[in-house]
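Visitor: I would like to understand the terms used for this protein. Could you show me the structure and take me through the reasoning?

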There are 2 protein chains.
Amino acid sequence: MLQIVPGGVTAAPGFTAAGLHCGIRRNQAKPDLALVLADRDCAAAAVYTTNRVQAAPIAVTRAHLADGRGRAILANSGCANACAPGGLENARRVCAAAAAVLGLRETDIIVNSTGVIGVPLPVEAIESALPALADALSRAGGADAALAIMTTDTRPKEAAVTTEIDGRTVTVGGMAKGSGMIHPNMATMLAFLTTDCAIAPGPLRAALADSARRTYNRVSVDGDTSTNDMTAILASGAAGHPPIESPDDPRFALFKEALDAVNLTLARAIARDGEGATRLVVCRVRGAGSETDAEVLAKAVITSSLVKTALFGADANWGRVLCALGYAGAPLRPESVDVAFSSTAGRVVVCRGGEGLPFDETLAKEILSQSEVTLEVDCGAGAHGAEAYGCDLSYDYVRINGDYRT
Amino acid sequence: MLQIVPGGVTAAPGFTAAGLHCGIRRNQAKPDLALVLADRDCAAAAVYTTNRVQAAPIAVTRAHLADGRGRAILANSGCANACAPGGLENARRVCAAAAAVLGLRETDIIVNSTGVIGVPLPVEAIESALPALADALSRAGGADAALAIMTTDTRPKEAAVTTEIDGRTVTVGGMAKGSGMIHPNMATMLAFLTTDCAIAPGPLRAALADSARRTYNRVSVDGDTSTNDMTAILASGAAGHPPIESPDDPRFALFKEALDAVNLTLARAIARDGEGATRLVVCRVRGAGSETDAEVLAKAVITSSLVKTALFGADANWGRVLCALGYAGAPLRPESVDVAFSSTAGRVVVCRGGEGLPFDETLAKEILSQSEVTLEVDCGAGAHGAEAYGCDLSYDYVRINGDYRT
C-alpha cells in the first residue's frame with residue numbers, strides 16, 4: 001500500500017515551497033531562507049528539543065501552535081537565533097513580516113533557525129527577501145527549500161510516500177537537515193513534514209511524537225543535543241476523506257505507517273550525512289527485556305566515540321561495542337551477549353556469550369568498509385528490539401568543528 | 001603542610017616497584033608488566049568501574065580486597081582481559097604465580113589489566129617474567145612501573161606529596177594511566193596509590209571513594225567508561241603514628257588532603273594526556289544550586305564533542321558551551337548564565353546573562369591556544385561549584401582509534 005514517491009515537503013498536493021539566498025550566509029551560492037505554504041488552514045503539530053537552552057524561535061513556534069493549527073513554515077540557516085540579543089523579538093518580527101506578505105496571521109507561522117549560536121538574527125535581510133521568496137513559491141520549490149535549511153549537510157534530505165485512506169491517495173512528504181549537534185533527545189534536528197491527510201491536531205501530535213521517538217530520537221552524530229531541534233508537520237486534509245479524529249481510528253495506523261516511513265528515511269539520511277561521516281552505522285539490538293532497554297543499548301553503541309573511530313578505520317574492535325553496552329545503563333548480562341557485523345559484503349560473528357570468537361579479519365574489514373554497516377547485538381535476555389542510527393567519527397568531523405564559525 | 005615530593009608509587013618508604021617487557025606487547029621497548037610491593041601487610045581499598053561489562057581482574061581484586069588487606073599490585077598493559085575466554089581463571093593464575101614468587105597469599109594481590117578487549121591474557125608470558133620482575137623491585141623502580149601500565153599514554157603519570165600527622169612525615173604517592181575510554185563514572189582509568197599512613201581499611205575506603213569522586217570521576221577524554229577502571233591504594237602504616245580508625249578523626253582530613261592532592265594531579269595528567277589531546281581543558285562551574293549540579297554541568301561541557309573540537313581549533317564558539325549546559329540534565333536558567341574563557345594569556349568574557357557579548361576575537365584565540373584552558377561558567381543560581389577536566393578532540397584521536405588493535 002505504501003509507495004515511495006519523488007519529492008519532499010511539497011509532494012503532498014496543495015503545498016508549495018521556495019528557498020533563496022537572503023544574505024545571512026556569506027556564500028551567495030548557498031540558499032539560506034526557506035518557506036513552505038499550505039493552500040488552506042492545516043492541523044499542525046511539532047516536537048522540540050529537550051535542551052534547557054532553547055532558541056527563541058522554539059518559544060515562538062510553541063506559542064503559535066497552541067491552537068493546533070498552522071499554515072506556513074519559515075526557516076533560515078546560518079544563524080540559530082539562540083542565546084542572541086533580541087532573539088524573541090526578532091523571531092516574532094520575521095513571523096509578522098511573513099504573515100504580512102502571505103496574508104496570514106502571525107500564529108499561522110511555524111518558525112525556526114539553524115546555524116551559529118549567539119549571533120543576532122539578521123532580520124532586515126529576511127524581511128527584504130520575503131516578497132521574492134513568496135513569489136517563488138511552487139511545487140517544484142521543495143527542492144530549493146531543502147537546500148536552504150542545510151548547514152554543514154553535504155546533501156539535501158527529502159522523502160515522500162503515498163498511502164491509501166478511505167480510497168483516497170494520501171501523501172506524506174518532508175525535508176530535514178542534520179549534520180552536527182545531533183543526539184537522540186526528542187527531535188534532534190530540523191524536519192518539516194506536510195501531508196494532505198485529514199487528521200485532527202490531537203492524533204496528529206500523537207503520531208508525530210511517537211514517530212519522532214522511533215526515528216529522529218534514535219539518531220546520534222555527536223552526542224550533542226541542539227538548542228534548535230524541531231520536527232513540525234502541517235496536515236491540510238486536502239485528500240478529502242473524513243478526518244481521523246483519534247489514534248484509535250484504524251486509519252490512524254495507515255497514516256502513522258506513512259509518517260514513519262518518511263521520518264525513518266530522513267533520520268537515516270541525517271545519520272549518513274553526519275558531519276565528516278564516511279558511512280551510516282546502524283546498531284540493531286534484539287533479545288532485550290524491553291524496547292526501551294534495546295533503544296538505550298543501541299544508542300550507547302552508536303554514540304561511543306571509540307566505536308565510531310573504529311568504524312572510520314573499518315577496524316573490527318568489537319570489544320568497544322561490549323564496553324558501550326556495559327555502560328549504557330540498561331540491564332545486561334554480558335555472558336549472554338552475541339555480536340555480529342554485517343553489510344552488503346557479508347556477515348561475521350565476532351562475539352558469542354560475551355567472549356571473543358576467532359573470525360576472518362579480512363572479511364570483517366571488507367564488511368566494515370561499506371557505506372552502510374550494521375552492528376547486530378543479541379542480548380539473549382528477552383524478545384524486544386530497537387535500532388539506532390549513527391555514523392563514524394572521522395578527521396573531517398574534527399576539521400569541520402575546529403573552526404565552525406568562519 | 002602539604003609538600004609536593006618527587007616520585008610516585010614508591011615515594012612512600014617501604015614500597016618498591018618494577019616494570020619490564022614480558023611479551024604481551026609487540027614493541028619490545030615498551031614495558032608491559034608492573035609490580036608494586038609493600039614491605040608489610042597493608043590496609044587496602046579500591047574503587048572500580050561502573051560498567052556492567054567488567055574485566056575479569058576486577059572481580060578477582062574485589063574478592064581479594066574483601067578483607068580490606070593487601071600487599072602487592074600486579075598490572076599489565078596490552079591486554080584488558082575483558083570479554084576474553086578463560087578470563088577469571090587467567091586472572092587468578094597470574095595472582096597465584098605472583099604470590100608464589102613473592103611468598104604471599106593470592107588474596108594479598110591486587111590485579112588489573114589494560115589494553116585490547118576480547119583477547120585472552122598471555123598468562124605464560126606473565127608467569128615467565130615474574131621472577132625477573134620480583135628481582136627488579138626497588139624504590140627507583142616506580143618509574144618503570146608507571147611506564148609499564150601505559151597504553152596510548154604519551155607520558156607516565158606519577159605524583160607524590162608528604163604531610164605531617166602526629167609529628168610524623170606521611171607520604172602519599174601514586175601512578176596512573178589514562179588516555180582513552182575515559183569518562184567520569186567511578187574511577188575512570190587505572191591509578192595505584194601507596195602510603196605509609198596508618199589508617200584502617202574502613203576510613204581508607206571512605207577517603208579513596210570521596211577522593212575519586214572529586215578527581216578521577218571528573219575527568220572525561222571521550223565519554224566511554226572502560227571495563228577495567230580501578231583506583232587502588234595500599235596503606236602500610238610504616239609512618240608509625242597511631243592509626244586513623246575513623247573518618248571523624250581530625251587526622252583523617254590531613255590524610256585526605258594529601259590523597260586528594262595526589263589524585264587531582266594524576267587526574268589532570270590523565271586529561272592533559274587524553275588520546276590525541278593538544279591541551280588540558282578545565283571547566284569551572286560556580287553559582288550552581290548544589291555541588292552535584294555544578295559537577296553535572298561541568299562534565300557535560302568537557303564531554304561535548306563540539307566544545308572539544310572547537311577548542312582543538314582554539315575557536316571561541318561559546319554557544320556550544322551554553323548548548324552543553326542546556327542538555328546536561330541539571331537545573332539551569334539560561335538567562336542567568338555568564339561564560340568566560342581564561343588561560344595564562346588572559347581572560348575574556350563572552351556571554352553574560354545567556355546572551356553573547358562583543359569580544360576581542362584575537363585575544364580569545366590567543367587564550368584558547370594555550371596548553372591549559374579554563375572555561376568559566378557562572379550559573380547565577382547559587383553558591384556551589386565544581387571543576388571537571390577534559391581535553392580537546394583532535395585529528396590524532398581519530399587516527400589513534402581508527403586502528404587501535406594493530
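Guide: Gladly; we will go through a strand, a sheet, a helix pair and a chain contact, keeping in mind that this is a predicted model.

Visitor: What makes strand β8 (residues 190-195) of chain A mostly covered?

Guide: A residue is called buried if 20 or more other C-beta atoms lie within 10 Å of its own. In β8(A), six of its six residues are buried, so each of them reaches that cut-off. On one side these are Leu190(A), Phe192(A) and Thr194(A), and on the other Ala191(A), Leu193(A) and Thr195(A), which covers both faces.

Visitor: How do you know that β8(A) pairs with β9 (residues 230-235) of chain A?

Guide: Pairing takes at least two bridges between the strands. Six bridges link β8(A) and β9(A), in the parallel sense, so the requirement is met. You can look for Phe192(A) opposite Ala232(A) in β9(A). Strand β7 (residues 168-177) of chain A is also joined to β8(A) by six bridges, but this pair runs antiparallel; here Lys177(A) has Leu190(A) as its bridge partner.

Visitor: Why are β13 (355-356) and β15 (384-391) of chain A said to stand at the edges?

Guide: The open sheet has six strands in the order β13-β12-β11-β14-β10-β15 (chain A), with mixed pairing. β13(A) and β15(A) each have a single partner strand, so one side of each has no neighbour in the sheet. For β15(A), seven antiparallel bridges connect it to strand β10 (residues 280-288) of chain A, and Val282(A) is bridged to Tyr389(A) there.

Visitor: Why are helices α5 and α6 of chain B called oblique to each other?

Guide: The axes of α5(B) (residues 201-214) and α6(B) (residues 250-272) come within 10 Å and cross at roughly 40°. Angles under 35 degrees would count as roughly parallel, and 65 to 115 as roughly perpendicular. The crossing angle falls in neither range, and the helices are therefore oblique. Their crossing is right-handed. Among the residues making the contact are Pro203(B) and Ala207(B) of α5(B), and Phe252(B) and Leu259(B) of α6(B). By class, this contact has six nonpolar, two polar and three charged residues.

Visitor: What makes up the side of chain B that touches chain A?

Guide: Here 53 residues of chain B are in contact with 52 residues of chain A. α8 (305-312), α9 (319-327), β13 (355-356) and α11 (395-402) of chain B each supply at least two residues of that side. The largest share, seven residues, comes from α9(B). By class, the side of chain B has 26 nonpolar, 20 polar and seven charged residues.

How values were computed:
Residues are numbered from 1 along each chain as its sequence is written. Chains are lettered from A and ligands numbered from 1 in the order in which they are written. This is a predicted model: local features need pLDDT of at least 70, side-chain atom pairs count only at pLDDT 80 or more; totals for chains, interfaces and linings use all residues. A residue is buried if 20 or more other C-beta atoms lie within 10 Å of its own, exposed if 12 or fewer, and partly exposed in between; C-beta atoms are placed from the backbone. Helices (H or I, at least four residues) and strands (E, at least two) are DSSP runs, numbered from the N terminus. Axes are lines fitted to C-alpha atoms, for helices over the stretch in contact, and angles run from 0 to 180 degrees between N-to-C directions. Angles under 35 degrees count as roughly parallel, over 145 as roughly antiparallel, 65 to 115 as roughly perpendicular and the rest as oblique. A crossing is left-handed if the near helix is turned anticlockwise from the far one by less than a right angle, and right-handed if clockwise. Two residues are in contact if their C-beta atoms, placed from the backbone, lie within 7 Å. Ala, Val, Leu, Ile, Met, Phe, Trp, Tyr, Cys and Pro count as nonpolar, Asp, Glu, Lys and Arg as charged, and the others, Gly among them, as polar.
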